[in-house]
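Hello,

Here is the structure you asked to look at. Please open it and keep it in view while you read my notes below.

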Amino acid sequence: MPFYLPLIMSDDKKPELPSEDDHHCSARIEKILNHFEEHAFKITAPKDINDRPIYATTLYLATCNNIQMHCGTFTAYVFQDIIHKGYIIALAYGDIFNTKTFYTRVHSSCITSETLGGCDCDCSEQLEGALTLIAQKGVGMLFYLMQEGRGVGYIAKARDRMLVQASNDEISTFEAYHLLGLNRDYRQYRNVPAICKMLGIDPEFILLTNNPNKVKTMRELGVKIQRTETLEFDPGPYNMAYLKSKLEGGHILKKILKTNIPRVRPPQPVIPFKPHAINEAKRFILTASYFLPIKPIDDEIILNDTEFHNFFKKKSIDDLIESANPILLDYKLLRDNRYKIKIHKENFCKFKQEYSNDPLCGLINIPYWFRIYVYFDIVTDEDFVVLTYGDAQPNDIPVVRIQSESLFNRFPLVDTYNRDKYKAAIKEIMNYGVGIILLLYTDGRGAGFGAHAQDIMLTQQGYSANTAESYNFLGINYDLRDYQAAMTILTKHLQHNTVQMVMNSPSSLVKKTAYTQVLNEMDIKVERWIFLEEQSKLKHS
């Protein structure tokens, strides 16, 4: 039967049915539409580097080959939702095109654990665990969706954390959501079947999830799920409350029921507040603030004077270091009577198994407590995240880092250059005792993750020799980061305008003329430049 396009008529006229004489037109239209459906939604790049097909609400942006992770090499297909503008990364391992059934994880983003190294949830463990399992199975996919905080976005998630911490964990995540006027879950998975269609695959999934509601929603979208497997990890003292909220929300979790680890409270009280525009520039709204426990870097624990003497009042730290199987390697006195202690991780884990009740076992659970401030910019619709550490005194000169976000670096890449820069900045702050990190979400030097992904595709396919050439093809400037906005927010957290600024290298500083220009315009004085590549010998592989 021929395909007919509906006729749009005025209200006072009824559409007329096509006559037999119109069938030749309808057949032509049917042929056009059949050809369109067959070809318009398929991804043909790198065959045609300019193809950007759209199916449903999903726009294809780029294919990035050879994403090397510790567990194996993946191909990243990058998409964007044309309604909410969020990116979707489909990471494929093995031959997904000729395999009918394979392991799959549909994973929602978590900036605090995957970018900032927070340990108050299990998101990064699930992400890395799923990628490892998929690689072990030889073929599979992970769909990474930008759906922070069960789809509410990071601002609402941060306000939830603020309320939960203000209550000393007496209310759950879902109770905080209810108080904030939010539903339990705003996540959607419509991009998953759309991506499968664009890739030309129709698989059955072995879905890695603990969430029965996700399975139900995926099946309602027509996704074929052969079976599910849970993805669970040992709980810790900082994610107990989060995991219990998940359990109460219907997630399949068994390990938390067998765990008696006490919850650990933030170091200071958290007082919830109403969002408000800041005086420095009323385009920025301070929406939330709470404490984030960050995993120690390089097994280095920081203790204050009281904690140090409490831990080692029975056993001398020097004796522990000099023992036959030392659990500690070294220690150092820092500013303000703080101590940095280097743990021998392998020996410490054995010690903990053998002497689980020894107070020294508590050393391994001490995080770096950073205070997070979350801002919303009404001009760009962007979030700005500020992490502060230490109780700054008038004579302190804080260590400051403007850290650019990179979505690919949320994954366990072999090339850890960008992650290492963040970790090195954290170490500089911990050593000094007072510091600030301002996170810019924008990938690709401010051009966005889509531009960054297309840059990778263009260089991999030989269309450009480097990022500068790619950006020329894309029609964008080399650096579009909003340093004016970043420095304006930064000044709100400075007691005075003198800082120690962390940069990658002297050459990167020379390139960032807009960066130094804004520093001068805002009269921010740099007492000391800390160049990471000189101090820690960071190299980009």
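The buried residues of helix α15 are covered by elements that include β10 (281–294), β14, β15, β16 (399–404), β17 and α17 (513–521). Bear in mind that this is a predicted model. Helix α15 spans residues 483–492, and 8 of its 10 residues are buried, so the helix is largely enclosed by the rest of the structure. The buried ones are Y483, A485, A486, M487, T488, I489, L490 and T491. For a helix, remember that there are 3.6 residues a turn, so residues three or four places apart point the same way.

Next, take β15, one of the elements that cover α15. How many of the residues of β15 are buried? The strand runs from 383 to 389, and 7 of its 7 residues are buried. Both faces are covered. On one side sit D383, V385, L387 and Y389. On the other sit F384, V386 and T388. The general rule fits here: in a regular strand the side chains alternate between the two faces of the sheet.

Which strands pair with β15? One is β14, in the antiparallel sense over 6 bridges. There, V374 stands opposite V385 of β15. β14 and β15 form a hairpin, with 5 residues between them. In the turn, D381 has a positive phi of about 65 degrees. Another partner is β17 (residues 435–440), which pairs with β15 in the antiparallel sense, also over 6 bridges. Y389 stands opposite G435 of β17.

Now look at R371. This arginine is in strand β14, residues 368–377. R371 is buried, yet it has no salt bridge. Where is the nearest side chain of opposite charge? It belongs to D391, 10 Å away. A salt bridge needs a distance within 4 Å, so D391 does not qualify. R371 does have a polar contact: its side chain and that of S289 are joined at 2.9 Å. Leaving out residues up to four places away in sequence, R371 touches P269, V270, S289, Y290, F291, V386, L387 and T388.

L116 is worth a stop too. It lies in the loop between α2 (111–114) and α3 (123–137). Is L116 buried or exposed? It is buried, with a relative accessible area of 1%. Beyond its neighbours within four places in sequence, L116 is in contact with I111, L292, I294, I372, V385, L387, Y422 and L439. Y422 is 306 residues away along the chain, but the C-alpha atoms of L116 and Y422 are separated by 8.2 Å.

Last, there is an open sheet. Its 8 strands come in the order β1-β2-β3-β4-β6-β5-β7-β8, and the pairing is mixed. Why do β1 and β8 each have a side without a neighbour in the sheet? β1 (54–55) and β8 (224–229) stand at the edges with a single partner strand each, so one side of each is left free of a neighbour. Further in, β4 (residues 87–93) and β6 (residues 140–145) pair in the antiparallel sense over 6 bridges. A92 has M141 in β6 as its bridge partner.

Two helices lie across strands of this sheet. Helix α7 (residues 212–220) lies across β5 (101–108), β7 (204–208) and β8, and runs at about 170 degrees to β8. Helix α13 (residues 449–460) lies across β2 (58–69), β3 (72–81) and β4, and runs at about 60 degrees to β2.

Best wishes

Technical notes
Residues are numbered from 1 along each chain as its sequence is written. This is a predicted model: local features need pLDDT of at least 70, side-chain atom pairs count only at pLDDT 80 or more; totals for chains, interfaces and linings use all residues. Side-chain values use heavy atoms; hydrogens and water are left out. Two strands pair if DSSP finds at least two bridges between them. Helices (H or I, at least four residues) and strands (E, at least two) are DSSP runs, numbered from the N terminus. Contact means heavy atoms within 4.5 Å. Axes are lines fitted to C-alpha atoms, for helices over the stretch in contact, and angles run from 0 to 180 degrees between N-to-C directions. Buried means under 20% relative accessible area, exposed over 50%, partly exposed in between (1.4 Å probe, protein chains only). Lys and Arg count as positive and Asp and Glu as negative; His and the chain ends are not counted. A polar contact is a pair of N or O atoms within 3.5 Å; within protein, one must be able to donate a hydrogen and the other to accept it, and residues adjacent in sequence count only if both atoms are side-chain atoms.
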